[in-house]
Amino acid sequence: MHDFDYERPVSLVEALSLMARHNGHARPLAGGTDLIDQMRLGRHQPGALIDVKRIAELNVLAADADGLHVGAAVPCCRIVEQPLVNQQYTALVDSCRIIGGIQIQSRASVGGNLCNSGPAADSTPSLIALQGVCVIAGPAGTRRVPVERFCTGPGQNVLQPGELLVEICFPPRPPHSGSHYRRLIPRNEMDIAVVGVGAAVELDESGRTIRAARIGLGAVAPTPLWAEEAGALLAGQPADDVQFARAAEAARKIVSPITDMRGTREYRIHVTGVLVQRVLRAAVARARGEAFTYLPGH
Amino acid sequence: MATADKRPYKVIGTRPVRHDGADKVTGRAKYGGDMRLTGMLYGAMVRSPHAHARIVSIDTSQAEALPGVRAVVTSADMPAQGDRVVELGEGAANMRHLTANILARDKVLYRGHAVAAVAADNVHIAEQAARLVRVEYEVLQPVMNVLDAMRDDAPILNDDVRTESLGAAPQSPDQSRPTNIAKHFLFEKGDVAKGFAEADLVIEHEFDTAMVHQGYIEPHNATALWNTDGRITIWMSTQGSFTARQQTAELLRVPVSSVKVVPMEIGGGFGGKISVYLPPVAALLSRKTGRPVKLQMSRADVFEATGPTPGSHMRLKLGVTRDGRITAGEAWIAFDAGAYPGSPVGMACMCVFACYDVPHGRVEGFDVCVNKPRTNAYRAPGSTHVAFAIETIVDEICEKLGLDPLEFRLKNASREGTRRVDGPVFPRIGMVETVQAIRDSQHYQSPLAGPCRGRGVASGFWFNVGMKSSVTATVNLDGTVSLIEGSTDIGGTRTSIAMQLAETLGIAAEDVNPTVVDTDSIGYTDVTGGSRVTFATGIAAVEAARDIQRQMVQRAALLWDVDPAAVKYDDGRLLGPAGKQFTFKELAAEIHQTGGPIIGSGTSSSATQGGAFGTHCVDVEVDPETGKVQILRYTIAQDAGTAIHPSYVEGQMQGGVVQGIGWALNEEYWYDDRGTMRNATYLDYRLPTCYDVPMIETMIVEVPDPQHPYGVRGVGEVPICPPPAAIANAIYHAVGVRMRRLPMSPPNLLSEILQRFQD
Ligand SMILES: Cc1cc2nc3c(=O)[nH]c(=O)nc-3n(C[C@H](O)[C@H](O)[C@H](O)COP(=O)(O)OP(=O)(O)OC[C@H]3O[C@@H](n4cnc5c(N)ncnc54)[C@H](O)[C@@H]3O)c2cc1C
């Protein structure tokens with residue numbers, strides 16, 4: 001591995017000035033579970049690493065009237081233990097529970113997962129489904145970008161030189177809502193998604209009709225996708241298998257997967273539909289408060 | 001099982017704590033990666049980015065100019081080999097191919113092929129220098145598939161390869177043109193046409209299996225010191241220190257006695273750590289620098305540039321009568337050899353029908369060069385491929401004829417006296433007993449309910465080998481015995497050897513202290529491979545114990561002043577006339593007063609093994625919408641002859657099954673069209689994890705092998721053979737799809753399921 005500098009700022013202001021000082025040659029370091037390996041393989045050779053784990057603003061994990069704030073450096077292990085997230089943002093918990101194993105979850109952050117911008121990142125479809133918005137700070141101030149517009153290609157995103165992801169915030173969850181994420185992997189653990197689907201649904205008081213739904217897809221295009229139409233056509237429809245199948249068909253239409261060592265194009269298109277139906281079924285069950293258990297990998 | 005009730009042993013069959021246990025669980029055991037010597041340099045390899053190319057030029061000047069770089073070597077530093085064929089302990093090798101595999105000469109034949117190496121003050125400088133070595137290539141068309149490589153117009157890898165025909169008339173009499181087909185085997189028994197004419201049902205199918213890797217956790221490593229007196233010491237991870245010594249000496253063209261190999265602890269091998277890759281290179285770098293040099297592979301290097309097991313294409317045909325008796329079998333088997341000849345296709349030919357009494361048979365095999373790493377042994381080399389083919393055809397026959405698959409096996413099973421298609425006649429073997437064990441098992445007897453669930457069975461065979469081993473043992477004054485052996489310990493063999501010595505001497509296993517030593521410190525010992533160590537090194541240990549017995553008898557006779565013939569060695573005691581008696585410990589305390597040290601030695605060289613069989617039963621559940629398979633339950637019955645340490649026998653059985661499950665479901669070398677393996681990491685090369693396998697239930701069957709004093713049969717290899725077939729059969733019974741291609745990964749299985757519902 002090459003030589004590099006290491007900085008550990010304790011405030012956002014300090015971090016942004018360090019980023020500016022290194023003038024495009026620095027990379028933020030959160031858990032390092034992507035970055036360290038990529039540096040070891042020579043894929044990135046930053047002159048400096050700016051460790052963001054000590055910055056208060058990036059370690060927030062709390063709810064207020066605006067909804068839920070998840071700081072960019074918060075590791076998965078904190079997220080899966082947060083009571084509100086466990087009650088209302090379950091898709092995010094589903095994602096954080098399957099990213100790596102316990103050791104990885106103790107370091108890996110959702111912010112890092114998103115900023116690494118891999119098409120198969122396991123938290124991004126959930127962030128999309130839960131209507132997450134990225135709060136980005138940079139030399140020119142702060143801006144907000146919906147998660148579905150954050151990634152621009154494999155390993156690429158909208159961050160400009162000198163910018164940092166500060167947090168992802170989510171609107172409050174309405175009553176009668178539920179969400180779920182699952183992925184297809186050939187093994188049962190420690191694997192990368194061949195297809196990943198996250199969905200959030202809101203039902204009416206009767207629990208029979210869907211008011212709104214959002215579906216996020218992973219590993220089926222150069223970036224994670226928001227299956228906007230598949231979600232929209234569920235609005236006002238009964239929460240049943242016929243409608244889930246329609247949503248699955250719509251989701252299949254927007255994907256553009258490749259054939260690689262993880263699966264063929266045809267396989268990924270097929271499984272997109274299968275998972276959309278399964279995930280919607282589970283999200284609806286959760287919205288109705290029905291018991292629902294899910295064994296990852298099965 | 002078969003003989004458990006009449007076990008006459010005190011030590012054999014018990015489960016003492018392994019002698020190397022404390023070192024291993026506390027992290028104190030020393031592996032090759034732990035080597036640190038004063039003044040040691042670190043090396044890095046330069047490897048080909050192309051699957052097939054001619055080397056136009058190599059420019060090392062920039063690398064050599066980098067501060068901290070101490071030496072660079074290329075194939076120009078390797079001695080010329082000419083046309084030598086050398087016996088290397090596990091088969092003969094063409095030295096020109098072997099040396100070109102260590103450092104490519106005029107061509108690179110696979111991606112990852114080593115081209116040059118650098119030694120520097122630290123690994124970071126070495127890696128940077130490796131990137132500065134400029135290699136100019138003329139890229140050639142790669143050929144990746146065995147059938148493509150057999151075509152007349154295929155790109156040729158080695159211009160010195162001509163087809164060698166064994167048992168067959170030369171297919172192409174034209175020996176002037178180079179070919180990728182290095183060997184053509186033919187075995188025949190009886191009259192195949194007559195046999196098929198007698199059949200009421202003939203089933204024939206084609207099968208494909210992907211190249212797979214052994215998947216050991218520890219990457220290859222070697223640290224070498226070429227001393228100024230010409231003596232070379234190598235510290236390395238190896239399955240066989242003596243074959244590593246010989247290969248290194250032959251490759252460097254130095255006398256074998258000038259090389260000492262010190263085997264470090266080994267983090268898995270499964271056949272893949274027999275060939276040397278790094279030691280000659282580390283030695284050359286050491287000679288150039290006068291300092292010790294350490295080389296270690298990355299995981300990608302291990303996948304791309306060591307010795308996986310071949311991919312294959314097979315055609316198999318089996319004929320049976322209506323009442324389920326096999327009348328004839330025919331097989332056509334082509335294996336990827338990788339870059340240079342030497343796949344285990346010959347062994348595959350011998351294994352394909354070995355479980356059954358096939359009266360009329362014909363087997364043809366082809367060893368074919370392709371632009372992949374040179375293949376090597378992997379746990380029962382070649383047998384898993386052919387078991388997948390024959391055992392799924394047997395299942396289909398049973399289904400078509402409405403026969404129970406285990407009763408069919410019992411009816412046709414090989415027994416003592418059955419002649420294999422390739423000639424040899426079986427001695428006493430335990431195929432029948434393993435089938436009976438599964439038939440009577442709680443697993444097979446229990447119902448399996450639920451949608452998309454199915455049960456499959458399959459059997460498998462492996463020869464097991466004998467070969468050569470040496471053991472010495474010294475009696476200590478406190479009555480313990482120090483045991484010195486040359487067999488590197490991969491599966492707990494320090495303990496299984498010590499137990500045989502202890503049993504023979506009538507002392508406790510804990511009173512034997514086994515040590516694996518270097519090639520200067522023990523007699524010649526063949527590789528830890530071929531399921532041979534507990535068998536053959538065990539025989540040597542029993543001999544060493546008998547040697548000690550003889551000497552102890554003489555010492556007792558001296559003390560009692562009687563004729564040695566009047567002293568009996570009985571179960572750890574020496575019995576003399578008139579009730580005179582010593583325990584082993586009592587007499588050990590006297591050895592310095594009665595003539596000095598007692599050292600026993602033993603060797604094994606001529607014993608051969610009778611063969612190992614296993615029968616497996618598996619329940620699966622298939623997700624029909626995604627093609628994903630879950631293993632619900634797995635039981636293995638295997639003939640261990642006599643289980644010395646049952647926990648290690650069970651461990652071998654379970655480990656073999658887990659590797660077989662990986663091979664069956666997900667493992668494969670996945671190549672793009674440029675011949676680059678795209679999944680050379682443990683993320684994308686999917687070994688099973690503990691979440692993917694249930695507890696493997698084991699049934700040890702004991703049909704003692706008369707060739708071993710305690711009846712041992714090797715157990716390490718045969719458990720990998722049946723799993724792909726057993727799982728394929730279970731998948732069929734779950735969802736009605738016959739898989740004839742490995743791996744049966746979700747995409748591959750789903751495409752078959754979807755096709756079936758379309759038809
Ligand atoms: C064994 C193992 C298993 C894994 N399993 C999974 C899995 O199942 N699913 C999955 O999706 N991933 C998996 N990963 C990948 C990785 O763990 C995740 O992507 C993780 O969420 C990355 O978070 P991190 O905090 O470690 O990011 P880091 O590695 O620190 O950073 C990742 C990238 O984001 C950038 N970055 C980090 N923080 C910021 C910020 N605040 N602003 C701007 N840029 C930033 C970094 O510069 C870097 O480019 C696995 C990794 C390993 C090693």
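**Exercise 1. Decide whether Thr179(B) is buried or exposed, then describe its surroundings.**

Solution. Start with the relative accessible area: in this predicted model, Thr179(B) has a value of 17%. Buried means under 20%, so Thr179(B) counts as buried. Next, place the residue along the chain: Thr179(B) sits in the loop that runs between strand S9 (164-166) and strand S10 (181-189) of chain B. Then look for its partners. Setting aside residues up to four places away in sequence, Thr179(B) touches Ile156(B), Asn158(B), Val161(B), Arg162(B) and Thr163(B). Finally, check the side chain of Thr179(B): one of its polar atoms lies 2.9 Å from the backbone nitrogen of Ile181(B).

**Exercise 2. Work out how helix H3 (residues 95-102) of chain B is enclosed, and find the residue that caps its N-terminal end.**

Solution. Begin by going through the helix for buried residues. They are Met95(B), His97(B), Leu98(B), Thr99(B), Ala100(B), Asn101(B) and Ile102(B). That is seven of the eight residues, so H3(B) is largely enclosed by the rest of the structure. Now ask what does the enclosing. The buried residues pack against three strands and two helices of chain B: S4 (85-87), S5 (92-94) and S7 (114-120), together with H7 (241-252) and H8 (279-289). To finish, turn to the N-terminal end, where Asn94(B) is the cap. Its side-chain oxygen lies 2.8 Å from the backbone nitrogen of Arg96(B).

**Exercise 3. Find the largest cavity and say what lines it.**

Solution. A search of the whole structure gives six cavities of 30 Å³ or more. The largest has a volume of about 160 Å³. Of its 18 lining residues, the closest to the centre are Pro186(A), Val629(B), Leu665(B), Asn666(B) and Asp692(B). Next, sort the lining by element: strand S28 (628-639) and helix H18 (646-665) of chain B each give two or more residues, and S28(B) gives the most, with four. Last, sort by character: the lining has nine nonpolar, five polar and four charged residues.

**Exercise 4. Describe how domains 2 and 3 are placed in chain A and in chain B.**

Solution. Take chain A, which divides into domain 1 (5-51), domain 2 (56-170) and domain 3 (177-287). The C-alpha centres of its domains 2 and 3 lie 20 Å apart, and their contact takes 24 residues from domain 2 and 26 from domain 3. Now take chain B, with domain 1 (32-141 + 214-305), domain 2 (382-464 + 609-758) and domain 3 (466-604). Here 39 Å separate the C-alpha centres of domains 2 and 3, and 17 residues of domain 2 are in contact with 17 residues of domain 3.

**Exercise 5. What is notable in the backbone at Met467(B), Asp561(B) and Pro743(B)?**

Solution. First recall the background: most residues other than glycine have a negative phi, and most peptide bonds are trans. Met467(B) has a positive phi of about 60 degrees. Its place is in the loop between strand S19 (453-462) and strand S20 (469-475) of chain B, and at 21% relative accessible area Met467(B) is partly exposed. Asp561(B) also has a positive phi of about 60 degrees. Asp561(B) lies in the loop between helix H16 (533-560) and strand S23 (568-570), and at 70% relative accessibility counts as exposed. Finally, the peptide bond from Leu742(B) to Pro743(B) is cis, and Pro743(B) is in the loop between helix H19 (723-735) and helix H20 (746-758) of chain B.

Key
Residues numbered from 1 in each chain as written. Chains lettered and ligands numbered in written order. Predicted model: local features only at pLDDT ≥ 70, side-chain atom pairs only at ≥ 80, totals over all residues. Heavy atoms only, no water. Buried < 20%, exposed > 50% of the residue type's maximum accessible area, 1.4 Å probe, protein only. Polar contact = N/O pair within 3.5 Å; in protein donor to acceptor, adjacent residues only side chain to side chain. Contact = heavy atoms within 4.5 Å. 1 Å grid on protein atoms, 1.4 Å probe; cavity = no way out; pocket = protein on both sides within 12 Å on 5 of 7 lines; lining within 4 Å. Points joined across faces, edges and corners; volume = space filled by probe spheres on them. Nonpolar A, V, L, I, M, F, W, Y, C, P; charged D, E, K, R; others polar. Domains from an automatic or database assignment.
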